[in-house]
Amino acid sequence: MLVTLPGYVHAVAHICHRDNVIHIKGMLKPSDMERLYGRERLIRTELTTLIGLMVKKPLDLSLQTCEVIDGYVKRTDSLMRELHDAMSYPTFAAMFEAMRAGTEPPDPWRGAGMREPIFYGTESAYAFQYRDFVPEKYGADDDWMLNTKGFTSGQARTIAEAMCALMDKKGTRLFADARAAKTPPATWLPAFEFSLDEVAGSSGVAKGVVEAFLRAFLFSGDNSVFKEVGDFNEVAARPLLPTDRGTVLLFSQYAIYEALYESPFFWMWEDKPYRPTAAKHRGAFTEQFAARRLSKVFGPEHVHTNTNLHRGKDIVGEADVLVIYGDRLIIVQAKAKKLTIAARKGNDNQLKSDFAAAIQDSYDQGWTCANEMLAGGCRLVDDKEREIELPPSVKEVFLFSLVSEHYPALAFQASQSLNFHTTDIIRPPFVMDVFLLDTLTEMLTTPLRLLGYVKLRVAVSDKLMSGHELTVLGYHLKQNLWLDEKYDCVMLEDSIAQDLDAAMLVRRDNQPGDDTPEGILTKMRGTRYESLIKEIEVSENPATLELGFHLLSMDEDSCRNVHRILETITRQVRLDGKRHDITLASSTPPCGVSFHCNPTLSAEAIATLEAHCAKRKYQQRAAEWFGVSVSPGGQVQFGVTLDFPWEASDEMERLTAGMKPASKVRDAFRKISREVSHQKLGRNDPCNCGSGLKYKKCCL
């Protein structure tokens, strides 16, 4: 067997350096992440498989020639391609056979067909998320860990982080020496080898505690149960490999952080008297984590935990986390479930059972809660015995099914297997893990931004395919998730997420670089459009909130039109002291926004804008229309939302008879722009509306 040949461990070190290391020069850039999405790169599950097979025999550290190691690497790459083809073959063979026979092809994503997406699916978590969540996940179990294992969750995190920092330092030194010598190093193994003394010295943790940590994560020497892909592989739980020279090998930062996040629960589960406490803490972590992250966005006053729904003397439902913001609700149902080994190996019954326990049950609970709330007559009481008031009218309810563990191919399985219902108010469910929720709330930090994304995401759940939800979020941050209705199916490549990956590394791993992907959060900086969005973000008013969602769904050209419109009418009001308005309309679907600028706020101004929006809505035959009134300084005064089906009306025909059609709205905008100008502009001069464009490209 290839992995048992003399010195194969050096080939593993070579592959880990080749496929896991990001080379940064100066600032971290999204392009630096490209190599991690290369099709020739071996992913973590493949590397763990190789290491798991290698340690079935005693480690052979004998140094081989570069030619021998290169031969090992090439043969490994070839065999891993064969493995991928072999896992994919049954599904494609069955489909081709059905096509040849002219019969209905079998469902490819059942049983053995799920082995490939589960094994090759995109990682659900960033390594630093595993690292940083450990103290929060196991902090309540620190007494047990200290008494049983000899270290706390915080100490474990510190030690693991020190080992990973040493790995970076050693690898960088080897790389620098190789560049200076203009020849590759004889082996990359020293970058992955650690002694007790250097880990203790680097971490600042007492040597005895470090020794206990290394012992807890040290491979036992027996991996006999690992016989095929999907079997339990001990090196995933204990990634530290002992050598015969008193050191340990750690080939991946991701491996030690994931083991640190996953393994302690199984240690506790072996202690039968402690099982109930461990299970209680595990469930509490998921709920508390969700509440904390959502409170960061919505404010703690809008986030409620363990809310019981009382109908008379009965409790008819419980929402693990309930968010009430304006006329929108988010109901989070949390589960701490994992995909079992049998399911990973393609056992269809076990796949269904695991999915039901982790996802379907949580969705069903959320659906029940939503319907009970909307039916009225329920008394809501949270875990602090406080009664919670629902808004008089609920516009939308979003159901989040949340898991706390890595669940392979979660987005894919949800799209294939989740049975759900919708109404005019209850939207399709959003299935996620704690790692996605963390990233969502890190990048979309206001209620408007987060709810706006959720609205867009669940609206395209039936037409969007991706390997992971991070890919979808990455796409949204680059260019907005709004998808044209002409597309029946859209597939997103995983590499779309590389801008998001880089930004998260900058934010959480203290790497130098831009902490926000270039796109919807950056392109409109400093514009009137962005100022309007920020004004709306601080308001819970349902009318302005609805307007905000509409504005966030616009493409870049429309956003810049909004900027020019606001710049123009506010300047005109400051010049002549009169009221001005402009409408921005869309025909696909028919809707629009009427922008209104008043010298002073008054009841008459509100009535005027409402009447104007009603007429514009009727003229455009639109089901939805928005109005926003701003002060001469650009601050939002009030908003109007008209949301009801268009119906023919003799009265409205009379009222709109003299209105300019939508095609002339742009001309009206240009006319006002010219009136604002106090100087003659050349075609190539900057436009005076403040757009940053040349006059000939803007208001001319």
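## Chatting through a predicted model

User: Hi! Before we get into details, what share of the contacts between residues at least 6 apart in sequence join residues at least 24 apart?

Analyst: Hi! Among those contacts, 70% join residues at least 24 apart in sequence. Keep in mind that this is a predicted model.

User: Good to know. How many helices and strands are there?

Analyst: The protein has 25 helices and 16 strands. Of its 700 residues, 52% are buried.

User: Where's the main hydrophobic packing, then? Which residues have the most contacts inside the largest nonpolar core?

Analyst: Those are F151, F213, F217, F251, F298, L551 and F595, in a core of 152 residues. Helix α11, residues 253-270, gives the most to this core, with nine residues. Another core lies apart from it, with 27 residues that include A358, V394, L399 and V431.

User: Let's zoom in on F217. What is it in contact with, leaving aside neighbours within four places in sequence?

Analyst: F217 touches F151, A237, R238, P239, L240, I256, A259, L260, S263 and W267.

User: Changing topic: how many cavities of 30 Å³ or more are there?

Analyst: The count is three. The largest has a volume of about 180 Å³, and 14 residues line it, with T48, I51, P239, S252 and A255 closest to its centre. Helices α2 (44-54), α10 (234-237) and α11 each give two or more residues to that lining, and α2 has the largest share, with four.

User: What's the mix of residue classes there?

Analyst: The lining of the largest cavity divides into ten nonpolar, two polar and two charged residues.

User: And the second largest cavity, what's its volume?

Analyst: About 110 Å³. Its lining has 16 residues, and L410, A411, D433, H468 and E469 lie nearest the centre. Strand β10 gives the most to this lining, with three residues. By class, the lining has eight nonpolar, six polar and two charged residues.

User: Tell me about β10. Which way do its residues point?

Analyst: In β10, residues 430-433, F430 and M432 point one way while V431 and D433 point the other way, and all are buried. In general, side chains in a regular strand alternate between the two faces of the sheet. β10 pairs with β9 in the parallel sense over four bridges, and V403 stands opposite D433.

User: Are there open pockets worth a look? What volume does the second largest one have?

Analyst: The second largest pocket has a volume of about 1600 Å³. It is lined by 50 residues, and L456, W482, F549, H550 and S553 are the closest to its centre. Helix α17 has the largest share of the lining, seven residues. The classes come to 23 nonpolar, twelve polar and 15 charged.

User: Which strands give two or more residues to that lining?

Analyst: The strands are β9 (396-403), β13 (580-587), β14 (590-597) and β15 (624-630). β14 and β15 run parallel, joined by seven bridges, with V593 opposite F626.

User: Why is β14 largely enclosed?

Analyst: Seven of its eight residues are buried, so β14 is largely enclosed by the rest of the structure.

User: What about helix α19, how many of its residues are buried?

Analyst: Ten of the eleven residues of α19, 498-508, are buried, so this helix is largely enclosed too. The elements covering its buried residues include α5 (127-138), α12 (275-298), α16 (434-443) and α18. Just after α19, N510 takes a positive phi of about 60°.

User: Ah, backbone oddities! Where else is there a positive phi in a residue other than glycine?

Analyst: N306 has a phi near 45°, and its place is in strand β4, residues 303-311. N480 also has a positive phi, of about 80°, and lies in the loop between α18 (469-479) and β12 (490-492). For background, most residues other than glycine have a negative phi.

User: Is N480 buried or exposed?

Analyst: N480 has a relative accessible area of 6%, so it is buried, the cut-off being under 20%.

User: Last one: what's the strand order in the open sheet of three strands?

Analyst: The order is β1-β3-β2, with antiparallel pairing. β1 (193-194) and β2 (241-242) are the edge strands, each pairing on one side only. Two bridges join β2 to β3, residues 248-249, and L241 stands opposite L249.

Definitions and conventions: Residues numbered from 1 in each chain as written. Heavy atoms only, no water. Core = buried A, V, L, I, M, F, W, Y, C linked by side-chain atoms within 4.5 Å. Buried < 20%, exposed > 50% of the residue type's maximum accessible area, 1.4 Å probe, protein only. Contact = heavy atoms within 4.5 Å. 1 Å grid on protein atoms, 1.4 Å probe; cavity = no way out; pocket = protein on both sides within 12 Å on 5 of 7 lines; lining within 4 Å. Points joined across faces, edges and corners; volume = space filled by probe spheres on them. Nonpolar A, V, L, I, M, F, W, Y, C, P; charged D, E, K, R; others polar. Pairing = 2+ DSSP bridges.
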